[in-house]
Amino acid sequence: MAKMGCFFLFIVIVAGIVGYDQWRIAQFQNEVRAISGKVHVVKPKKSGGSKDLVTTLADAQLHTKKAKELIKKKKLVQAQVELDKALASLESANGVSQDIIGDVADALGDARDKTIKVFQKAWKDVSEEAKTPKVDATK
């Protein structure tokens, strides 16, 4: 009978760990949605426009192509202006991507810490259960 109790306790602990993991997975999914939303979220710029990461990178590419064409035509001043615009777009994209990476790093760090705590507690509970002297009820 004691073996059944230990087995039942083990099943409850495993079910608790699995339930907690499922809950954390759901939280991570929400965090990933929020972070991925930042890639395409509209952020106002100083110039009055608003651009996301993908659009900003596309603008940088466009300005670079224009600068290349201007250099071929020996219009170096206009090419420099286009390259400056491309650089500004890349700096803006860099800021957005760093925000995304920082959020992911924070989420993963928190997840690691919480997972370690859960497994340490579960291990401690299982270890204490194994050390508990078993009383024979048939005596």
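## A67, tucked away in helix α2

A67 counts as buried, because its relative accessibility is just 1%, and the cut-off for buried is under 20%. Keep in mind that this is a predicted model. As for where A67 sits, look in helix α2.

What does A67 touch once you leave aside its neighbours within four places in sequence? The contacts are A79, E82 and L83. K85 is 18 residues from A67 in sequence, and the C-alpha atoms of the two are 9.8 Å apart in space.

## H63, on the same helix

Helix α2 covers residues 53–72, and H63 has its place there. Is H63 buried or exposed? It counts as buried, since its relative accessibility is 14% and anything under 20% goes in that group.

Not counting residues up to four places away in sequence, H63 touches E82, K85, A86 and S89. E82 turns up in this list, and E82 is also one of the contacts of A67.

## The chain as a whole

Now for the wider view. The protein chain has three helices and two strands, and going from the N terminus its elements run α-β-β-α-α.

How much of the chain is buried? Of its 139 residues, 17% are, with H63 and A67 among them. The chain exposes about 10,600 Å², and 65% of that comes from carbon and sulfur atoms.

Finally, the contacts across the chain: taking those with a separation of 6 or more, 59% are between residues 24 or more positions apart.

How values were computed
Residues are numbered from 1 along each chain as its sequence is written. This is a predicted model: local features need pLDDT of at least 70, side-chain atom pairs count only at pLDDT 80 or more; totals for chains, interfaces and linings use all residues. Side-chain values use heavy atoms; hydrogens and water are left out. Helices (H or I, at least four residues) and strands (E, at least two) are DSSP runs, numbered from the N terminus. Buried means under 20% relative accessible area, exposed over 50%, partly exposed in between (1.4 Å probe, protein chains only). Contact means heavy atoms within 4.5 Å. Accessible areas come from the Shrake-Rupley method with a 1.4 Å probe; for residues, only the protein chains shown count as cover.
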